[in-house]
Amino acid sequence: MTNKEKLLKDLKIGCGVARPVRSPRGTQLHCKGWYQEAALRMLCNNLDPDNAENPDELIVYGGLGKAARNWHCFDVIVKTLLDLENDETLLIQSGKPVGVLKTHTNAPRVLMANANIVPQWANWDTFHELDKKGLIMYGQMTAGSWIYIGTQGILQGTYETFASLGRKHYHSDLTGKIIVTAGLGGMGGAQPLSVTMANGVAICIEIDPTRIKKRLDKRYLDIEATSLDQAIASAQAAAKNGTPLSIGLCANVCDVLPAMIQQKFIPDVITDQTSAHDELNGYFPQGLSLEAALTLRKTDPETYKDMALNSMALHVRAILELQKKGAIAFDYGNNLRAQAMKRGVDNAMDYPGFVPAYIRELFCRGEGPFRWAALSGDPEDIRVTDRELIRLFPEKTKMINWLKMAGEKVEHMGLPTRICWLGYGERERAGKLFNDLVRDKKVKAPIVIGRDHLDCGSVASPYRETEAMKDGSDAVADWALLNCMTNVASGATWVSFHDGGGVGIGYALHAGQVTVADGTPEAENRLITVLRNDPGTGIIRHADAGYKTAIDVAHAKGVKLPMINMET
Ligand code: NAD
């Protein structure tokens with residue numbers, strides 16, 4: 001039996017129904033090149049039961065964020081990738097493989113467009129109509145673009161946010177501070193570990209006990225409290241001793257926050273990462289048990305949505321009340337504020353989003369979430385990349401601390417992976433380093449390098465990445481398209497363009513790229529070009545909006561800005 005035949009059998013390709021899927025590992029190719037092989041392995045990795053939140057439904061994370069439209073589409077994608085030539089490009093339309101075109105060897109092997117709807121119709125109602133007809137798929141950011149790496153993907157970004165909050169408000173880390181948040185899903189599950197990595201104490205409210213168990217099992221969460229009183233007492237004791245601790249509490253956040261206010265317990269920080277961007281499939285309304293809510297979703301979706309939006313209004317009012325009483329409040333990128341505004345909470349925007357509050361300055365420097373996966377499946381390959389990256393950037397002490405902490409505390413989910421934020425110039429150096437490691441056989445198989453769509457140049461999202469831009473260009477989506485086209489022109493291995501990631505359909509347009517280091521000189525060229533130009537669009541976008549840091553970085557690093565150079 002050939003490798004390919006064995007894989008088709010192992011993955012039960014052709015059966016068209018749900019079954020556990022894991023990425024192939026090792027050094028043997030099943031496809032006609034490592035680029036196709038990487039796409040195949042990362043697609044399977046997105047659906048690995050250790051990685052995906054609901055793999056049977058092909059849901060990877062973030063409410064309905066899926067990796068393929070249905071199991072039949074998954075089977076055909078795998079088969080097509082296995083046969084794809086090194087000068088062909090597979091087109092994926094909302095999780096469905098729709099065609100293969102002859103392109104050239106330096107072109108992307110896969111191009112994806114997920115959940116894009118003409119703006120006038122871009123809302124959840126139209127999406128659900130199209131979804132019912134089997135015409136569309138919600139790809140979130142990294143679910144539909146096959147570069148989800150489990151909760152670690154968001155871990156460093158979340159850690160950076162909490163660490164930056166500590167520096168900004170307390171001139172230190174979060175020692176002795178209590179952070180209250182909700183949602184322990186695919187992304188939100190990174191919150192407890194991020195808070196304790198910044199030495200703080202977290203109370204994390206989650207309605208679904210299986211999510212709490214998953215985070216406890218993976219050591220992202222320390223303990224579970226059986227009541228609010230117990231959670232508060234444990235949090236206060238840990239904060240008093242300056243001991244980091246994360247506490248899960250199984251409840252609806254809409255019940256817990258008003259109870260905290262009534263008990264006069266005001267946390268230092270309040271935020272939220274429930275899937276509020278999706279009032280039908282993401283957020284649980286107050287007054288229903290988990291089981292009753294899941295039934296109502298199916299039997300009466302209109303009533304469900306109405307209840308969920310009302311609950312979100314209550315939720316935001318409670319956050320505003322806690323803010324008034326002294327808590328630092330920020331929105332964590334799930335569109336909760338805009339949803340509450342639909343139910344009359346006109347001052348929902350009185351607390352800021354996390355990007356303008358803590359991240360924009362990094363974006364101005366072209367910094368963003370650089371991530372990679374070892375296609376060998378061997379965690380030792382990640383240890384090698386961690387070690388070599390520390391050697392390459394000895395001056396980056398924060399990055400070094402992070403890599404050491406991640407090496408100790410982060411369990412791999414699916415293929416071994418790592419993430420760390422790198423800036424303009426650094427990303428291409430890291431890409432070349434990884435390609436050299438593959439060439440010199442210091443790692444056992446090629447490495448896939450990608451990123452979240454949440455990055456400096458790739459998103460237009462007025463309630464998140466582009467909230468409160470200096471020049472008012474929050475809703476201008478040309479930038480995300482330019483980023484997408486730049487990545488195609490630069491030779492990324494696969495490139496994607498989506499609507500709705502993070503904040504829901506109609507609220508964001510964003511692009512992603514993934515590029516493979518297979519040790520060849522061609523891969524080196526592609527990596528250097530992509531990893532220079534991809535964050536380069538972020539510097540250009542922020543310089544154009546008038547951010548001085550971005551203009552200074554552009555001048556210092558040779559990013560050409562024709563208009564700005566003419567004016568100065
Ligand atoms: P998810 O759907 O996997 O998890 C959401 C969790 O919230 C679920 O476990 C659910 O049970 C829980 N929940 C929903 N309503 C609740 C309620 N009323 N009370 C208590 N728990 C409730 O989603 P995820 O991947 O964790 O993402 C969470 C949100 O964060 C999404 O809106 C996503 O778009 C957004 N997001 C933010 C960032 C960021 O950088 N800040 C990145 C990615 C995603």
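1. Let's start with a helix pair in this predicted model. Helix α5 spans residues 152–170 and helix α13 spans residues 354–364; their axes come within 10 Å and cross at roughly 95°. A crossing angle of 65 to 115 degrees counts as roughly perpendicular, so α5 is roughly perpendicular to α13.

2. If you would like to find this crossing on screen, look on the α5 side for Thr161, Ser164, Leu165, Lys168 and His169. Their partners in α13 are Phe354, Ala357, Tyr358 and Ile359. Sorted by class, the α5–α13 contact has five nonpolar residues, three polar ones and one charged one.

3. Now for the domains. The assignment for the protein chain places domain 1 at 3–132, domain 2 at 152–352 and domain 3 at 358–492 + 505–567. Between the C-alpha centres of domain 1 and domain 3 there are 23 Å, and their contact draws 26 residues from domain 1 and 22 residues from domain 3.

4. What do domain 1 and domain 3 bury between them? The area is about 1,900 Å², and carbon and sulfur atoms give 65% of that. As for salt bridges between domain 1 and domain 3, the count is zero, although a search of the whole structure finds 39.

5. One salt bridge you may enjoy looking up joins glutamate 53 to arginine 215, whose closest N and O atoms are 3.0 Å apart. Glutamate 53 sits in the loop between α2 (34–46) and β1 (59–61), while arginine 215 belongs to helix α7 (residues 209–217), so this pair ties together parts of the chain that are 162 residues apart in sequence.

Key:
Residues are numbered from 1 along each chain as its sequence is written. This is a predicted model: local features need pLDDT of at least 70, side-chain atom pairs count only at pLDDT 80 or more; totals for chains, interfaces and linings use all residues. Side-chain values use heavy atoms; hydrogens and water are left out. Axes are lines fitted to C-alpha atoms, for helices over the stretch in contact, and angles run from 0 to 180 degrees between N-to-C directions. Helices (H or I, at least four residues) and strands (E, at least two) are DSSP runs, numbered from the N terminus. Angles under 35 degrees count as roughly parallel, over 145 as roughly antiparallel, 65 to 115 as roughly perpendicular and the rest as oblique. Contact means heavy atoms within 4.5 Å. Ala, Val, Leu, Ile, Met, Phe, Trp, Tyr, Cys and Pro count as nonpolar, Asp, Glu, Lys and Arg as charged, and the others, Gly among them, as polar. Domain bounds come from an automatic or database domain assignment. Buried area is the accessible area (1.4 Å probe) that two parts lose on being put together, summed over both. A salt bridge is a side-chain nitrogen of Lys or Arg within 4 Å of a carboxyl oxygen of Asp or Glu.
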